[in-house]
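Welcome! Here are some exercises to help you find your way around a new structure. Take each task in turn, then follow the solution step by step.

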Amino acid sequence: MAFKRTNNYNDFIQNEIATLEKDNLYRRLKIVSVEKKRGTSRVDGTEQIINLCSNDYLGLSQNKEILTKTILSLKQISQCSSRLIAGNDPNIIALEEKLAEHREVECSLVYPTGYMANLGVITTLADKFTTVLSDELNHASIIDGCRLSGANIKVFRHNDMEHLLKLIKMISSERKKIIVTEGVFSMDGDISNLRQICNIAKEYNAITLVDDAHGDFIFGDSSPLSSRFSGVPSYLRVNDEVDVQTSSLSKGLGCFGGYVASTSQIRELLINKSRQFIYTSALPEHLCVSALTAYPIAKAGNRQEKLFENLNYMFKNLLQLGFKLESKSSRSQIIPVVIGDEKIAIEFSKQLLDKGIFVQAIRYPTVKKGSARLRISVTALHNNSQLAYAIDSLESIGKKLVII
Ligand code: PMP
């Protein structure tokens, strides 16, 4: 339906939509209802199908113990207030203490989402006197945070340390510098060159900020219990050298919310200056209870074992079939099958859906134009026969569409 008033905007809106359709970049919402059967969903009214695009990597979002404790904790739907007014429930504080312990840092601050955590910390730390050096594949929330901060933005080629070095050398030593990267890259599934980034940051006096939404609770140093699966900085043994870490609770932990982990001073500054913290309602307390209940279950480690078994199986088979993956060695639970052409990627995804497999075609602006891909994410819930069936289906459609 068009605007009721007579004005010129209807044409503008229609043209925008038509352009997206012409470029195969039009997005349509699918209706996805999650089923009780592990690892499956109904998509647009289909039968139960295998969901290979969820970020519930450890399968905790449907865990009975977490669901029960969450339901029992329900006293109100929402605190109906921001944290600085009347919304600061004790469960949020308890969760922040747990997350700081998990990340082995002084403090953490919970935000309603990971998106807001990135916006919040970047806009608080960066200003017009700052240059942010940002990996070209960084998530939209990082890009938006950088833009909103008014900082000068320099984008370095993905994981390319020579390029980062070249750019940082050109920045005046007077300027504040922040290097921003992801732990596990959300659309390529590879891991940041964090050790080199930390070395460069040290040499050029830059702050390091890592968004570890996809590495959190999946990767980690396996030694002391409290640091198990605490993410990529600990996996790469540079936890003490990273200044700020951000993450989402709606991936490895299977819950909802986001957080910043850093020093007590940064927490204090965020509480006082971050508009994304101050001017929004608190994360509801029952979601903090979910995360607190999920925490020891995620830390136990058995789910990660199954996850890595599953991702190695998928990776090996996709590679053997001749699909173009971003790398020849398996790196994480995110496995992008690069198709290139947007239209073919959409068709591939559609044919997979017809066979009972849900994989989204990821296109521009999430990835570069002409690098559309099927972003396959495996979880600890998938069983061997589901994955074998997925591989058979990918093979037959891949051959039909002449991708392999
Ligand atoms: N960072 C990365 C790398 C992400 O992939 C996402 C979500 N896709 C976010 C941040 C935002 O997290 P949330 O969904 O909790 O807002």
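**Exercise 1.** How many of the six residues of strand β5 (residues 130-135) are buried?

*Solution.* Keep in mind that this is a predicted model.
Step 1: Go through the strand residue by residue; six of the six residues of β5 are buried.
Step 2: Now sort them by side. In a regular strand the side chains alternate between the two faces of the sheet. On one side of β5 you find T130, V132 and S134, and on the other T131, L133 and D135, all of them buried.
Step 3: Look at the partner strands. β5 pairs in the parallel sense with strand β7 (residues 176-182) over five bridges, and T130 stands opposite K176 there. With strand β6 (residues 152-156), β5 also pairs in the parallel sense over five bridges; here N152 is the bridge partner of T131.

**Exercise 2.** Work out the order of the seven strands in the open sheet with mixed pairing, and find its edges.

*Solution.*
Step 1: Walk across the sheet: the order is β4-β10-β9-β8-β7-β5-β6.
Step 2: Check the ends. β4 (107-111) and β6 each have a single partner strand, so one side of each is left without a neighbour in the sheet.
Step 3: Consider the twist. On average, neighbouring strands of this sheet are turned by 20° against each other, direction ignored.
Step 4: Zoom in on one antiparallel pair. Strand β9 (residues 244-248) is joined to strand β10 (residues 258-262) by four bridges, and T246 has V260 as its bridge partner.
Step 5: Add the helices. Helix α5 lies across β4, β7, β8 (207-211), β9 and β10, at about 40° to β10. Helix α8 (residues 194-204) packs on the sheet and touches β7 and β8, its direction making about 175° with that of β7.

**Exercise 3.** Which helix gives the largest share of the shell around the ligand?

*Solution.*
Step 1: Collect the shell: 14 residues surround the ligand, and the closest are T113, G114, Y115, H139 and S248.
Step 2: Assign them to elements. Helix α5 (residues 114-125) gives the largest share, three residues.
Step 3: Sort the shell by character: two residues are nonpolar, 10 polar and two charged.

**Exercise 4.** Describe the open sheet of three strands and the helices that pack on it.

*Solution.*
Step 1: The strand order is β11-β14-β13, with antiparallel pairing. The edge strands, β11 (334-340) and β13 (361-362), each pair on one side only.
Step 2: Six bridges link β11 to strand β14 (residues 372-377), with G340 opposite A372.
Step 3: Helix α13 (residues 302-321) touches β11 and β14, and its direction makes about 25° with that of β11. Helix α14 (residues 342-354) lies across β11, β13 and β14, at about 35° to β14.
Step 4: Pick out K316 in helix α13. K316 is exposed because it has 12 other C-beta atoms within 10 Å, and 12 or fewer counts as exposed.

**Exercise 5.** Where do the two domains lie along the chain, and what forms the side of domain 1 that touches domain 2?

*Solution.*
Step 1: Domain 1 covers 24-53 + 301-400, and domain 2 covers 64-300.
Step 2: Their C-alpha centres lie 27 Å apart, and 16 residues of domain 1 are in contact with 13 residues of domain 2.
Step 3: On the side of domain 1 that touches domain 2, α13 and β11 are the elements that give two or more residues. The residues of this side divide into six nonpolar, seven polar and three charged.

Note on methods. Residues numbered from 1 in each chain as written. Predicted model: local features only at pLDDT ≥ 70, side-chain atom pairs only at ≥ 80, totals over all residues. Near = placed C-beta within 6 Å. Nonpolar A, V, L, I, M, F, W, Y, C, P; charged D, E, K, R; others polar. Pairing = 2+ DSSP bridges. Contact = placed C-beta atoms within 7 Å. Axes fitted to C-alpha atoms, helices over the stretch in contact; angles between N-to-C directions. Domains from an automatic or database assignment. Buried ≥ 20, exposed ≤ 12 C-beta atoms within 10 Å, placed from the backbone.
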